[in-house]
Amino acid sequence: MNQVIVHPERCVGCMQCMAACATAHSRTRQLFSAIRETPLPRSRIHLGTGLYAEGFPNRCRHCNPAPCMLACLPGAIHRDMQTETVYVDPDRCINCASCAMACPFGVIRYHEDASAPPKKAVAIKCDNCMERQQQERVPACVEVCKSGALTFEDNSKALKRKTDQVAQSISAGIDVPQGSPSFTLLNTIKRAQIAVRHAAV
Amino acid sequence: MSCTYHQQTITEDGQLLLKKAQTDQIETVWDRHQAQLPQCGYCELGLSCRNCIMGPCRVDPFGEGPQQGVCGADADIIVARNLCRMIAAGAASHSDHGRDLVEVLANVAKGQAQGYAIRDPEKLKKVAAEYGVETLGKDILVIAGELAFAMQEDFGTRITELTLLKRAPAKRREIWKNVGITPRGIDRETSEMMHRTHMGVDNGWQSLLLQGLRNALSDGWGGSLIASEVSDILFGTPSPKPTNVNAGVLKKDQVNIVVHGHNPVVSEMILMASQSSELIQLAESKGATGINLAGVCCTGNELLMRHGIPMAGNHLMTELILSTGAVEMMIVDYQCIMPSLGKVASCYHTRMISTSDKARFPGMEHREFHPENAEELAKALVQEAIQNFDNRSRIYLPVEPVKAIGGFSVESIVGALGGSVAPLLDAIKAGKIRGAAGIVGCNNPKILHDYGHVTLARRLIENDILVVDTGCAAIATAKAGFKMPDAIQFAGPGLKDVCGALGIPPVLHLGSCVDNVRILMLAGALANALNADISDLPIAGGAPEWYSEKAVSIAAYFVASGVYTVLGPMPPIAGSLNVVKLLTEGLRDVVGAVFAVEPDPEKSAILIRRHIEERRKALGLGFHTL
């Protein structure tokens with residue numbers, strides 16, 4: 001089964017996943033009109049900032065067992081067995097924040113949403129873009145990610161790729177280029193900049 | 001908001017005012033930088049392109065996603081085009097500033113610029129002669145008119161080579177000619193740069209970058225140079241003067257007016273008005289003991305250089321200066337004026353005035369200056385500032401000012417040396433002074449405020465390297481106390497001797513950011529005296545805290561003129577290792593100098609010392625191997 005996989009070493013911090021996610025969960029599904037909607041659509045994927053100002057796309061892991069689901073008293077959170085996706089039912093949600101407290105990753109937010117009853121703030125989280133998947137489209141965040149930090153594939157395929165990478169990196173005597181020399185150069189400079197500040201202070 | 005003020009700035013006034021700003025709930029440039037993190041990696045790498053709307057496009061640095069824009073431009077082309085557009089914007093800014101001064105010069109000649117005058121007729125005649133304007137027996141205003149006209153030709157298309165290029169050493173002009181980067185017209189090069197970066201024009205990343213260098217040269221030997229020379233003609237050539245720096249220059253018992261921006265056309269008029277006895281009396285009638293004019297950024301540097309007007313702070317201090325609550329009026333012209341200032345001022349009684357027909361800001365009142373109304377409008381504004389003194393509530397001036405000496409022009413340096421650069425060359429030849437370095441550029445919230453400038457300057461003078469600086473860098477080292485003759489205590493023994501004998505500081509304030517051309521002219525004069533090229537000299541440049549497009553143009557004209565230049569922050573070029581390699585290595589064979597990027601100012605100092613020793617060796621002077 002395909003799922004969204006995060007490759008943090010490839011995140012360049014452009015935030016296009018956030019804009020695409022918000023658009024995909026808007027009423028109109030179009031960026032130009034989505035930014036004029038009320039309530040304003042919001043992203044379910046959240047870009048964090050690392051110690052060296054590097055980006056990290058933080059999204060729901062659809063855990064199993066899911067702490068949010070266990071914490072939800074009205075039973076508004078359930079799992080779709082086929083897709084392993086954890087959903088919030090906005091009609092049942094009582095906006096109590098228990099799920100957000102239970103979530104180890106901080107990916108559940110509270111706000112009004114096109115999917116919820118008007119004027120009601122509800123728990124909002126990643127739904128794996130099920131609507132898009134039913135149309136045989138990949139999740140919005142994956143579609144716009146051009147640096148390969150978000151992929152939609154079978155977990156075993158991604159792990160095999162990673163395993164091969166590790167194996168190649170220890171191949172004796174052969175220097176296999178890893179990642180992007182450009183991005184490595186940029187990050188080296190950024191790290192040095194921050195290290196200089198820390199050393200100076 | 002962060003409470004770690006010492007992680008934001010090394011300055012005491014900055015740290016204390018950051019605390020004040022936080023108490024007053026003022027959002028600063030540091031807060032906004034934090035809110036932007038993480039910044040877009042495509043843009044940081046220079047791999048995003050918005051030049052046409054088949055796009056916008058970006059190239060995946062990991063090689064799996066798109067490797068070309070819709071038009072087919074690859075990473076090399078996109079990075080080169082983006083960098084070149086930064087140069088064009090920087091060159092355009094300096095050159096437009098220069099054009100405005102030439103316009104005032106032309107208006108003075110026509111008698112249509114009340115309050116302005118030719119304050120340095122000798123320099124007028126000298127520059128006019130360079131432009132082929134006959135000066136003998138001619139009225140000064142006629143010369144001014146003809147010079148203004150000749151300079152306007154430099155901006156156009158009808159000449160094939162900028163007039164003041166002849167100040168450059170013959171060897172340098174030969175290099176430019178052979179490489180094909182002799183700048184023709186000031187606006188022409190900027191215009192051609194924009195043309196070449198349009199979709200479907202120049203798609204050779206090397207030829208793009210060469211035009212980038214030519215465009216930068218049209219700034220350094222054209223727009224900025226004209227700006228600096230005409231400023232001297234209109235307002236006087238700087239000579240050393242004592243002054244004070246940091247937020248402590250604001251006075252608790254006086255009407256404080258702060259000028260901000262770059263062009264002395266407005267600030268000089270404000271200065272004249274603030275010295276009028278009638279207005280000083282008005283200020284006294286309001287309970288103030290006088291009118292205190294201070295500067296921030298480069299328009300402040302222009303006044304500091306010519307009149308010893310005190311300097312309240314550099315780029316990152318501009319919001320914090322307002323948070324003292326002690327500024328009755330801030331008057332801005334253009335460049336580097338953060339659009340946030342109006343909002344900051346709204347928390348205090350400070351009145352914010354914008355003055356340029358080409359620069360408007362939210363939360364500022366627009367009072368447009370033109371040569372014909374400048375004198376009158378300046379008086380009106382100073383009067384309104386005085387009236388605002390009554391509205392002052394609690395103020396906070398946390399520090400005492402630091403003393404400094406500013407106002408070193410090429411003319412005044414040569415004067416101090418007894419009429420020629422020979423004594424300076426002798427000191428360099430003897431090894432008492434190893435060489436000279438220019439520290440230039442801005443502040444940047446990515447860099448601990450002033451740490452880059454101050455650390456680099458300290459290490460260089462310790463190494464017997466004479467430092468000349470401009471712009472925000474010059475303000476940083478002044479605040480750190482390096483611009484007093486007694487700062488020779490921080491210098492190495494040789495530099496200490498030489499500066500001690502001349503009674504000058506080891507770090508010389510050469511002016512605003514257009515005044516980087518003074519450094520260029522000094523380098524040219526040294527090379528000419530040695531019958532050498534600029535790239536042969538034991539000199540270097542550093543921009544440890546740069547942020548602006550103007551700084552890109554400055555760095556590029558320094559390198560294209562043969563000066564090794566070390567940048568602190570990385571320009572957006574890492575997306576193309578070909579471009580990186582050309583700029584940091586390849587250019588050595590093209591123009592005899594390269595860029596380096598080094599975020600640590602301690603290490604930048606080593607790079608500069610090493611370069612200087614290599615040049616000494618090549619010149620047959622005594623050298624050390626590092």
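Buried residues account for 32% of the 201 residues in chain A, a value that refers to a predicted model. Chain A contains eight helices and eight strands, and its C-alpha atoms occupy a box of roughly 60 × 45 × 35 Å along the principal axes. Of the contacts in chain A with a separation of 6 or more, 57% join residues that are 24 or more positions apart.

**Domains of chain A**

The domain assignment splits chain A into domain 1, made up of 1-58 + 126-201, and domain 2, which covers 60-124. The C-alpha centres of domain 1 of chain A and domain 2 of chain A are 23 Å apart, and 13 residues of domain 1 of chain A are in contact with 13 residues of domain 2 of chain A. Sorted by class, the side of domain 1 of chain A that touches domain 2 of chain A consists of four nonpolar, five polar and four charged residues.

Leu51(A) sits in the loop between strand 2 (46-49) and strand 3 (55-58) of chain A. Leu51(A) is exposed, because 8 other C-beta atoms lie within 10 Å. Although Leu51(A) and Arg191(A) are 140 residues apart along the chain, their C-alpha atoms are separated by 8.8 Å.

**Contact between the chains**

Between the two chains, 29 residues of chain B are in contact with 27 residues of chain A. On the side of chain B that touches chain A, helix 3 (residues 41-45) of chain B gives the most, with four residues. By class, that side of chain B has 16 nonpolar, seven polar and six charged residues.

**Helix packing in chain B**

Two packed helices are described by the angle between their axes and the distance between the axes. Helix 4 (residues 75-109) of chain B and helix 6 (residues 140-155) of chain B cross at roughly 150°, and their axes come within 8 Å. An angle over 145 degrees counts as roughly antiparallel, and helix 4 of chain B and helix 6 of chain B are therefore roughly antiparallel to each other. The crossing of helix 4 of chain B with helix 6 of chain B is left-handed. Among the residues that make this contact are Val102(B), Leu105(B) and Ala109(B) of helix 4 of chain B, together with Leu141(B), Ala148(B) and Phe155(B) of helix 6 of chain B. By class, the contact has eleven nonpolar, two polar and one charged residues.

Helix 9 (residues 205-235) of chain B packs with helix 23 (residues 577-591) of chain B at an angle of about 65°, the axes being 12 Å apart, and this crossing is right-handed. Here Trp205(B), Gln206(B), Leu209(B) and Leu213(B) of helix 9 of chain B meet Asn578(B), Val579(B), Leu582(B) and Val591(B) of helix 23 of chain B. The contact of helix 9 of chain B with helix 23 of chain B has six nonpolar, two polar and no charged residues.

Helix 12 (residues 297-307) of chain B is mostly covered, with eleven of its eleven residues buried; the buried residues include Glu302(B), Arg306(B) and His307(B). Just after helix 12 of chain B, Gly308(B) takes a positive phi of about 70°.

Met484(B) belongs to the loop between helix 19 (471-479) and helix 20 (493-502) of chain B. Because 18 other C-beta atoms lie within 10 Å, Met484(B) is partly exposed. Leaving aside residues up to four places away in sequence, Met484(B) touches Lys403(B), Ala404(B), Ile405(B) and Pro505(B). From Met484(B) to Asn256(B) the C-alpha to C-alpha distance is 25 Å, and the two are 228 residues apart in sequence.

**Backbone geometry in loops**

Most residues other than glycine have a negative phi, and most peptide bonds are trans. The table lists departures from both patterns.

| Residue or bond | Backbone value |
|---|---|
| Asn64(A) to Pro65(A) | cis, omega near 0° |
| Leu37(B) to Pro38(B) | cis, omega about -5° |
| His62(A) | positive phi, near 50° |
| Asn95(A) | positive phi, about 60° |

Pro65(A) lies in the loop between strand 3 and helix 3 (67-71) of chain A, and His62(A) is found in the loop between strand 3 and helix 3 of chain A. His62(A) counts as buried because it has 20 C-beta neighbours inside 10 Å. Asn95(A) is placed in the loop between strand 5 (85-88) and helix 4 (98-102) of chain A, and Asn95(A) is partly exposed, with 13 other C-beta atoms within 10 Å. In chain B, Pro38(B) is located in the loop between helix 2 (29-36) and helix 3 of chain B.

Conventions. Residues are numbered from 1 along each chain as its sequence is written. Chains are lettered from A and ligands numbered from 1 in the order in which they are written. This is a predicted model: local features need pLDDT of at least 70, side-chain atom pairs count only at pLDDT 80 or more; totals for chains, interfaces and linings use all residues. Domain bounds come from an automatic or database domain assignment. Two residues are in contact if their C-beta atoms, placed from the backbone, lie within 7 Å. Ala, Val, Leu, Ile, Met, Phe, Trp, Tyr, Cys and Pro count as nonpolar, Asp, Glu, Lys and Arg as charged, and the others, Gly among them, as polar. Axes are lines fitted to C-alpha atoms, for helices over the stretch in contact, and angles run from 0 to 180 degrees between N-to-C directions. Helices (H or I, at least four residues) and strands (E, at least two) are DSSP runs, numbered from the N terminus. A crossing is left-handed if the near helix is turned anticlockwise from the far one by less than a right angle, and right-handed if clockwise. A residue is buried if 20 or more other C-beta atoms lie within 10 Å of its own, exposed if 12 or fewer, and partly exposed in between; C-beta atoms are placed from the backbone. Angles under 35 degrees count as roughly parallel, over 145 as roughly antiparallel, 65 to 115 as roughly perpendicular and the rest as oblique.
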